[in-house]
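Biologist: I'm new to reading models like this one, so could you walk me through it slowly? I'd love a close look at the empty spaces inside, and then at whatever else catches your eye.

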Amino acid sequence: MLKFLPPKIIKHLSNGNNGSSSLALFSSSASPSSSSPYLSNLSASILDSPTTLQALRIFNSASRNVNPAKTLKLHSAIVHFLTKAKLYVKARCLIEDLIEILRKTRKPHKVCSSIFNALNQIQASGCNTNVFGVLISALCGKGLADEGYWVYRKIGKLPAVQACNVLLNGILKSGRNEFMWEVYDDMVSNGLLPSVVTYGILIDASCGRGDIKKARMLFDEMTQRGLKPTVVIYTTLIRGLCAESEMSEAEIVFARMRGSGVVPNLYTYNALMDGYAKMVSVDKVHKFYYEMLDRGVLPNFITYSILIYLLCKTGEIWAFRSYFVHMVKLNVVPNVYIYNCLLDGFCEGGDLSAATDMYSEMEKFGISPDVVTCGVLMKGYCRIGRVEDAENLFCKMKETGLVANSVVYNTLIDGYCKKGSMEKAVGICTQMTEKGLKPDMVTFCTLINGYCKVGDLGAAMGLYYEMAIKSYKPDVVAYTSLIDGHFKNGYTDAALQLYKEMTDAGIYPNVFTISCVVDGLCKDGRINNAINFFLERSGYGFCGDITYSILINGLCKNGRVFQASKFFSDMRKSGSRPEVCDYGAIVQGHFGAKHVFPAMMVHADMVKMGVLPNAFLYKVLKKGYGEMAYFASAQKSYDELCNSGLDNPGYSFTQ
């Protein structure tokens, strides 16, 4: 809060003080109205004060008896005075305090318009644009970027570049990027030269939305204007390039940065290490890690979390202790963030025992687990079906005062849905709403998936319609569950309608969605529809091995073994490796059509490709050869089955 000079009891100001008569008059009026001539006189006295000290004395003394909710004349006058005196920080602080007072009784836009109108009523020569620039800065500083943009449009003139930068940054933080580019275009078209700060904000915005081409263009434009990029701007661009996996370009910018005399900092090295860690480039990560140490740049806990992430990706997570030694030497204390990375790594690797050991170690060293810690460990429990243990941790979490977020609740809901315990899942959802957390898109999609798994399509569709009411868009997993559920219950047309609604909503199917539709059409006897559907989407990369397998199996069961063989061949040409079930379906199809030699060829190809037969295939071969009177081959298949240990037939070949 801005602290002005303390108010004093006014008797007399020094001789020649222009504000003395106004203060004397004001002291006789306890509650002046907004149209009071005394207020007008006081405002004039503030504006005409010869010194800042006198203007502040008049304002502080008079403002004690003025309610800003009723009149802003005095505040408007002092802001104009301070701005004219180029005391912009004090003027901004005063407006920010005023915003806080008015927000208690008014909505943000009403607060903004009230202050704007009050400032606009004073016509102070040469400083009006600066006054509104200060107002824009104050509004953005209070998180009211939309209101700041409203003022910007209302004044019809460009404020100073500093105010424009604050507005750009405020709009960026609010996510209203389209307004940000409008302000920048106005600056350029009106001849207001962007500063280094301007370009820093714009490059950050471009990188944030993945528009690296735009970021590079702005960077080049900046250097062409003779502006020297700072370490922050270089690091922002490097981080943006790393996020898009353009590591060679990131290194070029890094080299240019060094060549221009700008020294990389910790955040620069962390950005490069993080980019290479995501590509699992161990040598590059270590190169930049040791380079930063050699150059005296001390790592922080983010640096070590990147190194631990890399260990997780390479399956060497147990080597993390070596980094703990480094951390101790460099006075980097392992904190909850580091332990969360370790917990996540062990849980993702399926080593829940090690994860729980890390959790115990945290408590031993007095590192308090946070909501992320508990969420990661709960997810690990749920992944292996130990949902009750996850809920016990959830209860312990509440006992220690940790407030669960929607991620934690959704993790537990998902765990119960995967177990088919929908009553428990709904119970957790109810607890979530009782705590003031609204079910989000993830919650709805998880419950839809759960209800589809237990065959309760009515409940699943009820949630689907509720999502539409709440303007939530189901994700591809939820749609796939609904489509699969309808197919399995014989509602083919409804399933196809859901698929259409999904694509109309702009949601791309994945391989499982396509596979569900192909499988459903085949089982409903619509083989031609399944083939056409498959062919229409195979060119877009939506069809995987599982889709080929489903179509091949469906065609063979329908007696269309030669068509199945064609797709089997296409599958091989696409670089996919057929599984034993694919060979089994083709062999069974040929035997069913009395094609013994094609069956032999497929069997021989399977042996050549090194695909090991399973019990089902041996039985298909034994039965097929036997029915075609190739008894020696049938006996051989039977003997191989018996010797394989895959199955105990319990009968002899002659039975």
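Biologist: How many cavities of 30 Å³ or more does the structure hold, and which residues line the largest cavity?

Modeller: Before the count, a word on what you're looking at. This is a predicted model, so local features need a pLDDT of at least 70 and side-chain atom pairs count only at pLDDT 80 or more, while totals for chains, interfaces and linings use all residues. Residue numbers start from 1 along each chain as its sequence is written, and side-chain values use heavy atoms, leaving out hydrogens and water.

Now the cavities: the structure holds three of 30 Å³ or more. A cavity is a set of points on a 1 Å grid where a 1.4 Å probe fits but cannot get out, and lining residues have an atom within 4 Å of a point. Its volume is the space filled by probe spheres set on points joined across faces, edges and corners. The largest cavity has about 50 Å³ of space. Its lining is made up of Leu 72, His 75, Ser 76, Val 79, Leu 94, Ile 95, Leu 98, Ile 115, Ala 118 and Leu 119. Three helices each give two or more residues to that lining: H4 (73-84), H5 (88-102) and H6 (108-120). (A helix is a DSSP run of H or I with at least four residues, numbered from the N terminus.)

Let's carry on from H6. Gln 121 sits in the loop between H6 and helix H7 (128-141). Gln 121 is exposed, with a relative accessible area of 61%. (Exposed is over 50%, buried is under 20% and partly exposed is in between, with a 1.4 Å probe and protein chains only.) Gln 121 and Lys 73 are 48 residues apart along the chain, and their C-alpha atoms are separated by 8.8 Å.

Further along, try clicking on Glu 291, which is part of helix H16 (residues 282-294). This glutamate is buried, with a relative accessible area of 16%. Who are its partners? Leaving aside neighbours within four places in sequence, Glu 291 is in contact (heavy atoms within 4.5 Å) with Phe 254, Arg 258 and Tyr 269.

Next comes H26 (457-469). H26 has 13 residues and reaches 18 Å from its first C-alpha to its last, close to the 18 Å expected at 1.5 Å a residue. (The expected span is 1.5 Å times one less than the number of residues.) Its buried residues are Leu 457, Ala 460, Met 461, Leu 463, Tyr 464 and Met 467. They cover an arc of only 155° around the axis, which puts them on the same side of H26. (The arc is that of the directions from the helix axis to the C-beta atoms.) Turn H26 around, and the face away from that buried side carries the exposed residues Gly 458, Tyr 465 and Ile 469. Among the things covering the buried residues of H26 are helix H25 (441-453), H27 and helix H28 (492-504).

Just after H26, stop at Ser 471, in the loop that leads to helix H27 (476-488). Its phi is near 65°, a positive value in a residue other than glycine. Most residues other than glycine have a negative phi. Ser 471 is also exposed, at a relative accessible area of 66%.

H27 and H28 turn up again around helix H29: its buried residues pack against both of them, and against helix H30 (527-538) and helix H31 (545-557). H29 (residues 511-523) has 13 residues that should span 18 Å at 1.5 Å a residue, and its end C-alpha atoms are 18 Å apart, which agrees. Its buried residues are Thr 513, Ile 514, Ser 515, Cys 516, Val 517, Val 518, Gly 520, Leu 521 and Cys 522.

Last stop: the loop between H35 and H36, where you'll find Ala 629. Like Ser 471, Ala 629 has a positive phi near 65°. Ala 629 counts as partly exposed, at 48% relative accessibility. Then H36 (residues 631-644) runs for 14 residues and reaches 20 Å between its first and last C-alpha, close to the 20 Å expected. Ala 634, Ser 637, Tyr 638 and Leu 641 are buried in H36. Seen down the axis, these fall within an arc of 95°, so they line one face of H36. Helix H35 (615-627) is included in what covers them. The face turned away from the buried side of H36 carries the exposed residues Ala 632, Lys 636 and Asn 643. After H36 comes Gly 645, with a positive phi near 75°.

Note on methods
On a 1 Å grid over the protein atoms alone, a cavity is a set of points where a 1.4 Å probe fits but cannot get out, and a pocket is an open set with protein on both sides within 12 Å along at least five of seven lines; lining residues have an atom within 4 Å of a point.
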